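Here are some short exercises on reading a protein model. Try each task before you read its solution.

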Amino acid sequence: MSAVQGFLAAIGAAVLSLCAAAGALAIFTANGVRHVFLPPWYPGEIGRQLMRIGYFSLPVVGLTAFFTGAALALQIYIGGARFNAEAVVPSIVAIGMVRELGPVLGGLMVAGRVSASIAAELGTMRVTEQIDALTTLSTNPFKYLVAPRLVAATIAMPALAFVGDIIGILGGFAVGTARLGFNGATYVRNTWDFLTTEDIASGLWKAAVFGFIIALMGCYHGYSSGRGALGVGRATTNAVVSASILILASNYLLNEIFFTS
Amino acid sequence: MSAPPKIEMRGVTKTFGSNRVLQGVDLKVAKGESLVVIGGSGTGKSVTIKTIIGLIEPDGGDILLDGETILGAKGAKRDRLLERFGMLFQGGALFDSMPVWRNIAFRLLQGRLKRPAAEARAIAVEKLRRVGLKEPVADLYPAELSGGMQKRVGLARAIAADPEIMFFDEPTAGLDPIMASVINKLIRALVTETGATAITITHDMRSVVEIADRVAMIHEGRVQWEGPVGEIERSGNAHLDQFIHGREEGPIEAVR
């Protein structure tokens, strides 16, 4: 085989492999979503996952949001000073947090925490035959493992983003009043006056999509994990990387849908 | 007319990539019989029982239960079928996230066989006792148990819903000889007292002697020999002789 043929064959193999992976993911997603709507449902499992994905992610999301809001206030103040526009700090912090940084940074932090954890758990279950055991116990693994995680993450992520928005704005408020000389009441009024329902709703919708992506990537990579510690490790890495990339890509698409139409 | 075999495999084939794991497996197991399937590593033993239980779909052939095909069973039909099976996995496959009693009673806590939690727990504790473990073990988590205890809990889970057919995948793998003997005797006792049909996969000859009514040897994806356990020493089959005596020389390549 000539060098050119070898090069083309390598490209062809990569394209085929990409198509196979996309097809497998599409089938997995369709199966997962189908089982969300078809009984039996496992409300206990959904509750447990809500606690795990939502409640236990609060500290990481809260801290991220607080420091992001604080840094944003400082940056906007410094940048705004060039145009004598320091007064826009509260409104820009609020809009920036609610529309973009709250859901996206929260999503990325939860992707690191939850996607990895789901992929490692399901990957270990796959390797130790626990998923096969579920099947032999007349329990569909998609209904018992995948669907509750998809539902819980899609519900938990907007709630986390909402809390993150508030804490982020609070971070901006803390820096604004303590370091930048804003009056507390004026800061709050400027925040409130400039925020619209669409700002908040768009951020929460985005967070719901990110939640779905986070759980889907964790489940997909964990469920199809290879053998041994290497397989589980690879599944965990792939889950976090693919969830993060998909969050950023879908964020752009959602912005196009929400803000340019 | 005689009753059909409890389980029958007819020319079952399965290929993974270029690896032809099952090349036409024919096997019959009568009701209440304990069949032990032996063979070297990678010869298709696990794939054989996984095709029966439906974890792996065969490429060809047929699998019958009480004379009726079970291939392609889906939905409620498949659930009913699985309710008739109990399986002990090689590593136990206990669910790490739940205590022992919930593992054992898993099938009784949901689905068609669902019972109140207190009743399911009582059954779990009774099954635990049956496999030689005491009630306090019920509240421990799998990670807190030794290998032998995990196997016993796996056994208790396999028999929790009183299945008609039991599968045991390498039940003594990783256990010391004393614990292995305890598990073998337990399996034999459970099969005898429940009247269940059992298929065990092993390459431990002591398990063969202690568990089997009949033995089938799989090599290169086919059943090379099958017969009563008492005949394995005088089978005249070169593959079986080499395997049971652990010889390097013979028709089975030592390095595969």
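This is a predicted model.

**Exercise 1. Cysteines**

Task: State how many disulfides the structure holds, then classify Cys19(A) and Cys219(A) as buried, partly exposed or exposed.

Solution:
- Step 1. Over all chains, the number of disulfides is zero.
- Step 2. Recall the cut-offs: under 20% relative accessible area is buried, over 50% is exposed, and the range in between is partly exposed.
- Step 3. Cys19(A) has a relative accessible area of 49%, so this residue is partly exposed.
- Step 4. Cys219(A) has 0% relative accessibility, so this residue is buried.

**Exercise 2. A sheet in chain B**

Task: Give the strand order of the open four-stranded sheet in chain B, and find which strands stand at its edges.

Solution:
- Step 1. The order is β2-β1-β4-β5, and the pairing is antiparallel.
- Step 2. β2 (19–29) and β5 (68–69) of chain B each have a single partner strand, so one side of each has no neighbour in the sheet. These two are the edge strands.
- Step 3. Look at one pair: β1(B), residues 7–16, runs antiparallel to β2(B), and eight bridges join them.
- Step 4. Within this pair, Ile7(B) stands opposite Val29(B) of β2(B).
- Step 5. Now add the helix. α1(B), residues 45–53, lies across β1, β2 and β4 (60–65) of chain B. Its angle to β1(B) is about 115°.

**Exercise 3. The two sides of a helix**

Task: Sort residues of α7(A), residues 184–194, into buried and exposed, and say what the buried ones pack against.

Solution:
- Step 1. Tyr187(A), Asn190(A) and Thr191(A) are buried.
- Step 2. Around the axis they span an arc of only 100°, so they sit on the same side of α7(A).
- Step 3. The face turned away from that buried side carries Ala185(A), Trp192(A) and Asp193(A), which are exposed.
- Step 4. The buried residues pack against α4 (89–127) and α6 (141–178) of chain A.
- Step 5. Check the start of α7(A). A side-chain oxygen of Asn183(A) comes to within 2.9 Å of the backbone nitrogen of Ala185(A).

**Exercise 4. One residue close up**

Task: Explain why Thr191(A) counts as buried, and list its contacts beyond its neighbours within four places in sequence.

Solution:
- Step 1. Place the residue: Thr191(A) lies in helix α7 of chain A.
- Step 2. Its relative accessibility is 8%, so Thr191(A) counts as buried.
- Step 3. With neighbours within four places in sequence left aside, Thr191(A) is in contact with Pro90(A), Ala94(A) and Ile169(A).

Terms used. Residues numbered from 1 in each chain as written. Chains lettered and ligands numbered in written order. Predicted model: local features only at pLDDT ≥ 70, side-chain atom pairs only at ≥ 80, totals over all residues. Heavy atoms only, no water. Disulfide = S-S within 2.5 Å. Buried < 20%, exposed > 50% of the residue type's maximum accessible area, 1.4 Å probe, protein only. Pairing = 2+ DSSP bridges. Contact = heavy atoms within 4.5 Å. Axes fitted to C-alpha atoms, helices over the stretch in contact; angles between N-to-C directions. Arc of directions from axis to C-beta. Polar contact = N/O pair within 3.5 Å; in protein donor to acceptor, adjacent residues only side chain to side chain.
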